[in-house]
Amino acid sequence: MDGSSPQSAPTGTPFSEPLEVVVLDAYGNPVPSTTITFDAPPSGATATLSATTAMTDSSGHAFVTADAGATGGSYFVVATTPGLPPVAFTLTNLVGAGLTV
């Protein structure tokens with residue numbers, strides 16, 4: 001699996017890109033119909049996800065969208081599926097005007 005990160009967003013707003021993984025077999029072919037589980041921290045700096053699971057499409061892609069929670073800070077959202085290593089997305093919730101990461 002492969003994923004996209006890091007990303008940052010002001011608290012309470014959506015991240016600009018979906019949290020997306022691509023599942024490929026050992027020969028580089030897409031693996032459709034694979035369930036991917038996305039886990040965000042339960043408290044503190046976290047995100048609200050559009051779903052906790054997503055199914056890969058015919059191209060092996062699966063994604064969820066995320067909104068930055070109310071608490072500032074950096075954290076990981078982890079995507080997993082049995083038999084493959086996890087993918088960690090680095091997200092940062094920005095608090096206050098004028099902050100950049």
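Modeller: Two strands count as a pair if DSSP finds at least two bridges between them. This is a predicted model, by the way.

Biologist: Noted. How many helices and strands does the chain have?

Modeller: There are 0 helices and 10 strands. Along the sequence the pattern reads β-β-β-β-β-β-β-β-β-β.

Biologist: OK, sheets then. What is the strand order in the open sheet?

Modeller: It goes S2-S10-S9-S4-S6, so 5 strands, and the pairing is mixed. Strand S2 (7-10) and strand S6 (53-55) are at the edges with a single partner strand each, so one side of each has no neighbour in the sheet. On average, neighbouring strands are turned by 25 degrees against each other, direction ignored.

Biologist: S2 and S10: parallel or antiparallel?

Modeller: Parallel, over 4 bridges, with S10 covering residues 87-94. Ser8 has Thr92 in S10 as its bridge partner, and Ala9 stands opposite Asn93 in S10.

Biologist: And on the other side of S10, how do S9 and S10 run?

Modeller: Those two run antiparallel, joined by 7 bridges, and S9 spans residues 73-80. Phe76 is opposite Thr90 in S10, while Val78 has Ala88 in S10 as its bridge partner.

Biologist: Which residue takes a positive phi in the hairpin of S9 and S10?

Modeller: Gly83, with phi near 90 degrees; the hairpin has 6 residues between the strands.

Biologist: Back to S10 itself. How many of its residues are buried?

Modeller: 6 of the 8, so the rest of the structure largely encloses S10.

Biologist: What about S4 and S9, how many bridges there?

Modeller: 3 bridges, and the two strands run antiparallel. One of the pairings puts Asp39 with Val78 in S9. Val78 also has a bridge partner in S10, namely Ala88.

Biologist: Let's switch to the core. Which residues have the most contacts inside the largest nonpolar core?

Modeller: Phe15, Leu19, Val21, Phe38, Leu49 and Phe89, in a core of 21 residues. At least two residues of this core come from each of S3, S4, strand S5 (47-49), strand S7 (61-64), strand S8 (66-68), S9 and S10. As a general point, nonpolar side chains tend to be buried together in soluble globular proteins.

Biologist: Take Phe38. What does Phe38 touch?

Modeller: Leaving out residues up to four places away in sequence, the list includes Leu19, Val21, Leu49, Ala62, Phe63, Val64 and Phe89. Val78 and Ala79 are also among the contacts of Phe38.

Biologist: Any odd backbone angles? What is phi of Ser33?

Modeller: Near 60 degrees, so a positive value in a residue that isn't glycine. Most residues other than glycine have a negative phi. Ser33 is in the loop between strand S3 (19-22) and strand S4 (35-39).

Biologist: Is Ser33 buried or exposed, and what's its relative accessible area?

Modeller: Exposed, at 58%, since the cut-off for exposed is over 50%.

Biologist: Where does Asn29 lie?

Modeller: In the loop between S3 and S4. Asn29 is partly exposed, with a relative accessible area of 37%. Not counting residues up to four places away in sequence, Asn29 touches Val23 and Leu24.

Biologist: And what separates the C-alpha atoms of Asn29 and Pro86?

Modeller: 19 Å, with the two residues 57 apart along the chain.

Biologist: Zooming out, what radius of gyration does the chain have?

Modeller: 14 Å, which agrees with the value near 13 Å for a compact globule of 101 residues. The C-alpha trace spans about 45 × 25 × 20 Å along its principal axes.

Biologist: What share of the chain do buried residues make up?

Modeller: 31% of the 101 residues. The chain exposes about 5,500 Å², and carbon and sulfur atoms supply 57% of that.

Biologist: Last one: what share of contacts do residues 24 or more positions apart account for?

Modeller: 56%, taken over the contacts in the chain with a separation of 6 or more.

Definitions and conventions: Residues are numbered from 1 along each chain as its sequence is written. This is a predicted model: local features need pLDDT of at least 70, side-chain atom pairs count only at pLDDT 80 or more; totals for chains, interfaces and linings use all residues. Side-chain values use heavy atoms; hydrogens and water are left out. Axes are lines fitted to C-alpha atoms, for helices over the stretch in contact, and angles run from 0 to 180 degrees between N-to-C directions. Buried means under 20% relative accessible area, exposed over 50%, partly exposed in between (1.4 Å probe, protein chains only). The radius of gyration is taken over C-alpha atoms; the globule rule is 2.2 Å times the number of residues to the power 0.38. Contact means heavy atoms within 4.5 Å. Accessible areas come from the Shrake-Rupley method with a 1.4 Å probe; for residues, only the protein chains shown count as cover. A nonpolar core is a set of buried Ala, Val, Leu, Ile, Met, Phe, Trp, Tyr and Cys residues joined through side-chain atoms within 4.5 Å.
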